[in-house]
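Reader: I would like to go through this structure step by step. Please keep the answers plain.

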Amino acid sequence: MLARLALAALLALAGAPARALPDPFPGTAAAYLVIVDGVPLWEHAADLRRAPASLAKLMTALLVLEDGGLDDEVVTSSAAAAARGSRLGLHAGDRVPVHGLLAAMLVGSANDACLALAERSGGTAAFVARMNARAPQLGLHATRFGDPCGFDADRQYTTARDLARLAQRFMAQPQLAALAGRKEVEVATAGREWVYRVKSTNVLLEHFPGAIGVKTGQTRRAGHNLIVLTERDGRRVLLVMLGARDRWWDAHAILARAYAR
Amino acid sequence: MHAASRWALVLAVLAVAALAHAQGGPDELWNMTTRMEMAGMPGQSFSSQVCMKKGQTQPDKMSQDKNCKATEMRTVGNKTTWKVVCSGREPMTGEGEVTRTRDSMDGRMRMQGKSGNETFDMTTVISGRLAGACDAAQQSRQVQAAAAQGSAMLAQQCKESMDKYLTVMFDGQSAPCGAQKPEYCGRVTKTAQSMRKPAGYRSAMKSEGLRGQGFEQAGQACGVDTAAVLSDACKSASSGRDWPFVADFCPAQAQAIAAEHCAGRKYTVAMASEYKAVCQRYASGDVGSDAGGASSAAAKSQSQAQSQAQSQQKDASGAPAAPSATDVVKEGANQLRKLFGR
């Protein structure tokens, strides 16, 4: 009898809709989620499907790290060299170590570096398949990738909640977390024929005291996306914003408010 | 003598008396229980050991206080009565009686007086039992040593309080270091002079006692116009383009700077400018009552917020996404013009 009651209670709980968290910043983004010390605090449409833009590169980086061989050299293809948007400026034939490509992809959101990494692991289509296979294993049940670098693609989506999970997995990897917190990084081709200085696209690293990571994203379909992790006095605040109206001002204000509570 | 130091002396007497019992001697060691009762306050009891000369019917503590004098002391049979008059900054009068046998002592003492603007009426009930022998002379020497040590500790505490600008130690009827208030206020006045410049102000604010409302409290105690001091420092900071100082200490100037150089501007441009410190405060919502990027957005009308949400819902279905940066800047600038009245 007791077991039956417990089962009924469990089923009732499972069926109950999640209680919405407060949304003190309506209109700042199509979706956002604020997590303080692992506990969700504020949200707006955190389960709304949105385009990830370059935040997809967090998953790409996780897979590249799992593959290992960070000192291997990758020869840049003409397709990678022709990548649009943010780019390192690689030319076809340039040989760059994997760790350099990883740095350029995470710090400068370089699409040529990203494509070079995906091509190295069996081509972009195979790589996207791996991303989608890995997503549910990481607890991303409302995410589907369509491009390793986050270019707008049909049937590609994620949510603020899934991206928070992905960011937490990503930042748990010391090598990736270190790169995601760099304001600037130097990337060189093999033999140092060419040396690039790459500035972070996450300007909060420079201007929000306590910002320690993670990544920006921007495409026509996604708008302005951002995941930022901050730490002050042992407290951690993670903010995910998708389709932000005024990404930097608002992120700064939301984070400040989270710490001022 | 202040009430605090008077009671400190009494406690010193009792503490030293406790040491005396193990030493033996020609005098009597008594186990004393004392209960103090005061109107409006819960009674407090404490026990102690007191060394008294043979036949003495009251502890020495009254005679330790040079401002207090016992009068009309009478002994009839085994009962002694007396009156006490204390002068000084906290005058009080009292009367007491003690009945003693060879090995017991019971009595009460009532003291009435004024502490600051408040009157008090305190009754102390004492009960003693003879516990053994002790040396009152040795105790007296120890009491003097303890009193000297207490005075040295108080002097040290006053010095440290002076260095830390702890106004509460110098200001008020019962302030432990009240005698040094003129010296303290001299120091506050001199420091306030240096605080008319940003560097001096910043440096002074590192002092524990001046942070928060501390400077204002010190100013009130010493007659220093702290608002004028801060005004001078802020003017100096503005003319010297010390924007971090303005951001930290000058809300009115910071609000004006924010309206002109942060509001409606691109975040990265504002943060790369010389006004970064002010813009950071502005972004955090610390400058002005309603300033701050998200605060501004949150302040927008509900209908506008709803229309934005609807527009974003369209984005999710594939329609053109975020508004242009120009639109956002224009919108932000309009909001801020309303806020700052420009």
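Reader: In chain A, what share of the contacts with a separation of 6 or more comes from residues 24 or more positions apart?

Author: This is a predicted model. Chain A has ten helices and nine strands, and 52% of its 261 residues count as buried. Among its contacts with a separation of 6 or more, the share from residues 24 or more positions apart is 61%.

Reader: What is the corresponding share in chain B?

Author: Chain B has 14 helices and seven strands. Of its 342 residues, 32% count as buried. For contacts in chain B with a separation of 6 or more, residues 24 or more positions apart account for 54%.

Reader: Which strands lie at the edges of the open five-stranded sheet in chain A?

Author: The strands of this open sheet in chain A pair in the antiparallel sense, in the order β2-β1-β9-β8-β7. An edge strand pairs on one side only, and in chain A that applies to β2 (39-44) and β7 (211-219).

Reader: By how many degrees are neighbouring strands of this sheet turned against each other on average, direction ignored?

Author: The value concerns the sheet of chain A with the order β2-β1-β9-β8-β7. With direction ignored, the average turn between neighbouring strands is 5°.

Reader: Which residue in β2(A) is the bridge partner of Val34(A)?

Author: Strand β1 of chain A covers residues 29-36 and pairs with β2(A) over five bridges, in the antiparallel sense. One partnership across this pair joins Val36(A) to Val39(A) in β2(A). For Val34(A), the bridge partner in β2(A) is Trp42(A).

Reader: Is Asp37(A) buried or exposed?

Author: β1(A) and β2(A) form a hairpin with two residues between them, and Asp37(A) is found in that loop. Its phi is near 50°, a positive value in a residue other than glycine. A residue counts as exposed with 12 or fewer other C-beta atoms within 10 Å. Asp37(A) has 11 C-beta neighbours inside 10 Å, so it counts as exposed.

Reader: What is phi of Glu72(B) near?

Author: Glu72(B) sits in strand β3 of chain B, residues 68-76. Glu72(B) is exposed because it has 10 other C-beta atoms within 10 Å. Its phi is positive although the residue is not glycine, and the value is near 50°.

Reader: Which two residues are joined by a cis peptide bond?

Author: One of the two, Val214(A), belongs to strand β7 of chain A. The omega of the bond is about 15°. The cis peptide bond joins Gly213(A) and Val214(A).

Reader: What is the separation of the C-alpha atoms of Leu242(A) and Tyr32(A)?

Author: Leu242(A) lies in strand β9 of chain A and is buried, because 34 other C-beta atoms lie within 10 Å. Leaving aside neighbours within four places in sequence, the contacts of Leu242(A) include Ala30(A), Ala31(A), Tyr32(A), Arg50(A) and Ala160(A). Leu242(A) and Tyr32(A) are 210 residues apart along the chain, yet their C-alpha atoms are separated by 6.1 Å.

Reader: How many of the 14 residues of α10(A) are buried?

Author: Helix α10 of chain A, residues 247-260, lies across β1, β2, β8 (223-232) and β9 (235-244) of chain A, at about 150° to β9(A). From first C-alpha to last, α10(A) reaches 20 Å, close to the 20 Å expected at 1.5 Å a residue. Its buried residues include Trp248(A), Trp249(A), Ile254(A) and Leu255(A). The helix is largely enclosed by the rest of the structure, because the number of buried residues is twelve.

Reader: At about what angle do α2(A) and α6(A) pack?

Author: Two packed helices are described by the angle between their axes and the distance between the axes. Here the helices are α2 (residues 57-67) and α6 (residues 124-137) of chain A, and their axes are 10 Å apart. The angle makes α2(A) roughly perpendicular to α6(A). Its value is about 95°.

Reader: How many charged residues are in the contact of α2(A) with α6(A)?

Author: From α2(A), Met59(A), Thr60(A) and Leu63(A) take part. They meet Arg130(A), Met131(A) and Arg134(A) in α6(A). By class, the contact has three nonpolar residues and one polar residue, and the number of charged residues is two.

Notes: Residues are numbered from 1 along each chain as its sequence is written. Chains are lettered from A and ligands numbered from 1 in the order in which they are written. This is a predicted model: local features need pLDDT of at least 70, side-chain atom pairs count only at pLDDT 80 or more; totals for chains, interfaces and linings use all residues. Two strands pair if DSSP finds at least two bridges between them. Helices (H or I, at least four residues) and strands (E, at least two) are DSSP runs, numbered from the N terminus. Axes are lines fitted to C-alpha atoms, for helices over the stretch in contact, and angles run from 0 to 180 degrees between N-to-C directions. Two residues are in contact if their C-beta atoms, placed from the backbone, lie within 7 Å. Angles under 35 degrees count as roughly parallel, over 145 as roughly antiparallel, 65 to 115 as roughly perpendicular and the rest as oblique. Ala, Val, Leu, Ile, Met, Phe, Trp, Tyr, Cys and Pro count as nonpolar, Asp, Glu, Lys and Arg as charged, and the others, Gly among them, as polar. The expected span of a helix is 1.5 Å times one less than its number of residues. A residue is buried if 20 or more other C-beta atoms lie within 10 Å of its own, exposed if 12 or fewer, and partly exposed in between; C-beta atoms are placed from the backbone.
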